[in-house]
Amino acid sequence: MSLLRSMMGGLRSLFRKERLSQELDEELNGFLEMAAEEKMKEGMSRKDALRAVRLERGSLEVTKEVVRSAGWESLVETCWQDLRFGFRTLCKSPGFTAVAVMTLALGIGANTAVFTVVESVLLRPLPFQDSARLFAIWAAQKGQPDRIGSSLPEFEDYKDQSHSFEYIANMLSGWTYTWTGQGEPRTVNCTGISYDFFSMLGVRPYLGRLYEPEEYHVDGVQVVISHRFWKERLGSDPHVIGRILNLDGTAQTVIGVMPLVPDLFPETDVWAKMVPDFRWMRMRGNKFLDLVGRLKPGVTREQAEQELTAILHRGPGESPEVSVHLVPLKDELTGNVRSQLQIVMAAVALVLLITCANVAYLLLARSSKRQSEIALRVSLGAGKGRLLRQFITENLVLATLGGVAGLVLAVGSVRLFDRISSLPRSASIGVDVYALFFALSITILTGLLVALAPSAAFSRVDLIARLKTGRHEVGSVGGPRSRLLLVSEISLAVVLSVAAGLLLRSFRQAEHLDPGFRPDHLLTAYLRNNDWRAGRLFFPELVEQTSELPGVSAAALGKCIPGVYAPTATLVFSDRLNDSLNVPSVEACWISSDFFKAIGARLVKGRFFTIHDDANSPAVVIVNQALAESYWPGHNPIGAQIAVDYVGAGRNIAGAPRFREVVGVVADVKQKGLDRAAEPALYTPYLQDETNHAFAGFNLFVRTTGPPTSFAGTVRALVQSLRSDQPIDAMQTMNDALFRALAPRRISGVLVGSFAGLALILSAIGIFGMIAYAVSQRTHEFGVRMALGARQQDVLQMVIGAGLKIAATGVFVGVGASLALTRFMRSLLYAVGPNDPLTFAVIPLLFALVALAACYIPARRAMRVDPIVALRCE
Amino acid sequence: MADKPSDLVQGTLDMLILKTLALEPMHGYGIAVRLEQMSTGVFRLNAGSLFVAFQRLQRAGLIRSEWKATENSRRAKYYALTEQGRKRLDTETREWGRQVAAIARILEAS
């Protein structure tokens, strides 16, 4: 109640300031007069009486000030005054303001943008029920990085025997159906899910219903589709429930539409059933399922891991070296971009520090010009606290202007970022309340940080000296404080540039080191064929006819895509003891005979496959150099026998895999990514696939003599003429496929690189500004020196030397810090050491050149000083 | 000590102003004079602290003000106690009495 009244009183006096001030004047005057009258009655003159009253009761003006500043509203008022004053001073030096605001906008904007992305992708919880308790479940052999999926029997063991989970579901993404009967045949992306999947996430159908448990035992018949598919492919058909889709040649009735599930399998068209009755699903060794579970409240991740590991070990033939791991589902989804985003976040934080240093430096330079103003104000009675408050307000105004501009920048660049990158959870990226709060916080922080250095300088103003000379102080800009700022700015910029240099060099290495194949003049496409019987006829025919096309030098099929992806297989050797619990796993790929010729790989020993390596001839295999060196070091592997057991969905084989003779050794091809070292890999002829599973889909590789894109139409027509309902996906040049595969590395490299460029420019501006200012202050001195016989070069050397000394100190500190810090980014580097000599040589050199240029321009002005003019100007 | 006007005990000025106004509405100078008279010159009030107190009391709703003519036909702002102010004065007086008695007992005991 009284608080409210006090507020009202305060507000009244804020808005009716004039009237209330008059009233106070009148009241106090009355007080004074009455007191004086009293004195005059005692016989004093009016003048003496007034003086006596003032002595006794305090001066009228001071009283007024005291009464006025007693209410809270006076604080608001002085702040308002400070704000207006701040704006006025900033408007008076538009050049300074523009540079400072722009610098701050870049720093704050870049930070807000990156934070927005990090928040949306890494920090924000998944939009599912109790998402903090959702975990991805996979196994791993001790000491090996490879993940092992789960087989259906294992999943069922977990489900039956575990007490840690509320729900546990399996799924399999990344497979397809062919959708026919609606124009051109199309591929629809499937994610297979078990019964509990959506209940676990707490997601209900948008339309219709989900599968009933008994429906899981029949393949096809009913289908649940995704919101995306419903909207984009079926035109948001309101009568979609009951509609029949022809998928893989069978009629399936739509029974439900799921709502948007943006963070999980965003590409999904059909949420298919995982039918547990297939033979290949029932095989314990067939570990290709992804598992996700929701822990019961109170159960820890470690407890669940122990329980599941115990259950896994109870199964037949399981190695005691294998244990089960739980990873929060969110981390699982964002794992591959986490480290890239973290380095970008670190880089952008450095940029903010650099912008702060830069603006603080600008302010320091300006404050030295303003010292006479400050001295005047102090001598007129301004308190130090009051001055400091005003100064900080002024800087907050500056920071706020920068913050607003930065926010605009952030909103724009987040959109851009979203477009150029292929981030997980990208649908939810947007500037939200958290991002706004973040922008506000760093704006205020920046304002305070930036104010720190110059306000410390303020509070030590030497009144008398300042008022006496009326000249600007030189020392402040060349002084230790500004040198420290400049040195730290340069060293931060060096650290950032070294990091960027290492990232960009890794990227270049990935692009330019020999990948073991030739991606130019190579066209690829993915041909899904869910009918393997038809595939057995279609694929050999396709390879033969494609290679006969004019302008095509070779055509081949492969399960893998060099530089992007390779399946996995386990090995059994005939020439040594095999540890059945620790089977080695390698990259493996079914290929047609001309595969190596088509992709441009090099034979080291033995021979490539021919079309005669088919089902009727002896089983053969080609290994790469890495595999040959790991298992037959120093020996010739040709003629050795290995059995190859492919791991993957649909693998359908009874009994042990047969032994194959090694007939060739191929030079290493970087299979899983250009930015990864080649690993042991082997290749088997597709016509010797005893599982038939290989024929469910192949990548086509066409080596052309002309530009590969010009063959797209011809190849497409050929495929259609051979098999009219064959969908063709991802037709692209090999170079495009590799470009896409390197996207995360490119983005982090480009971002950190541009931040480093920004830092370099800012430090150049800093050095330039400092030297230019020093030169302008020392014109007189140069005049004297030259009058006394100094040559132009001497002056030039002196000025440049001063600048270079600071730059050298900054570079020195920066290089030292980089040497200590870059090892933390080792995991992001490829074929480049964290102390890469080239980077560590080039970056300091670059900074030296930039510093030289930044010094030279103002120094030239010093050199041209005419002694007569310089001496006269004082 | 006795020859110099002493400072008021912290927080008592408000109570004394209320007490002064309990008799009749008064203007600022009147209140100052009355306080000095009643304390027989022990307190000498600075205009600043007095007027800050008026502003504070008025915002708290304990007193209200009105412009009126004085006996010397000068315009002055008269302050008067509100109902709330009267209640506050009662409680403060009681509380003061209790505290003084307690302090006195402690001082006598030693």
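Here is a walk through one helix, the contact between two chains, and a few paired strands. Keep in mind that the model is predicted.

Let's start with helix H3 of chain A, which covers residues 46-57. Its 12 residues, at 1.5 Å a residue, should span 16 Å, and the end C-alpha atoms are indeed 16 Å apart, so expectation and model agree. Now look at which way its residues point. A:Ala49, A:Val53 and A:Arg57 are buried. These three cover an arc of only 45° around the axis, which is why they end up on the same side of H3(A). Turn to the face directed away from that buried side and you'll find the exposed residues A:Lys47 and A:Leu55.

So what covers the buried residues of H3(A)? Part of the cover comes from the helix's own chain, namely helix H2 (17-41) of chain A, and part from the other chain, through helix H3 (47-59) of chain B. Just past the end of H3(A) comes A:Gly58, with a positive phi near 95°.

That cover from chain B brings us to the contact between the chains. Chain A puts in 19 residues and chain B puts in 15. On the chain B side, the elements giving two or more residues are helix H2 (28-38), H3 and strand S3 (75-81). H3(B) has the largest share of that side, with 6 residues. By character, the chain B side splits into 6 nonpolar, 5 polar and 4 charged residues.

Strand S3 of chain B also belongs to a sheet. Three strands of chain B make up this open sheet, in the order S1-S3-S2, with antiparallel pairing. Strand S1 (26-27) and strand S2 (63-69) sit at the edges with a single partner strand each, so one side of each has no neighbour in the sheet. If you follow the antiparallel pair S2(B) and S3(B), you'll count 7 bridges between them. For a spot to click on, try B:Trp67, whose bridge partner in S3(B) is B:Lys77.

Back in chain A, strand S6 (residues 222-225) is worth a look for its two pairings. With strand S8 (residues 250-257) of chain A, S6(A) pairs in the parallel sense over 4 bridges, and here A:Val223 stands opposite A:Val254 in S8(A). With strand S9 (residues 270-273) of chain A, S6(A) pairs in the antiparallel sense over 2 bridges. In that second pairing, A:Val224 stands opposite A:Trp271 in S9(A). As you step along, remember that side chains in a regular strand alternate between the two faces of the sheet.

Note on methods: Residues numbered from 1 in each chain as written. Chains lettered and ligands numbered in written order. Predicted model: local features only at pLDDT ≥ 70, side-chain atom pairs only at ≥ 80, totals over all residues. Expected span 1.5 Å × (residues − 1). Buried ≥ 20, exposed ≤ 12 C-beta atoms within 10 Å, placed from the backbone. Arc of directions from axis to C-beta. Contact = placed C-beta atoms within 7 Å. Nonpolar A, V, L, I, M, F, W, Y, C, P; charged D, E, K, R; others polar. Pairing = 2+ DSSP bridges.
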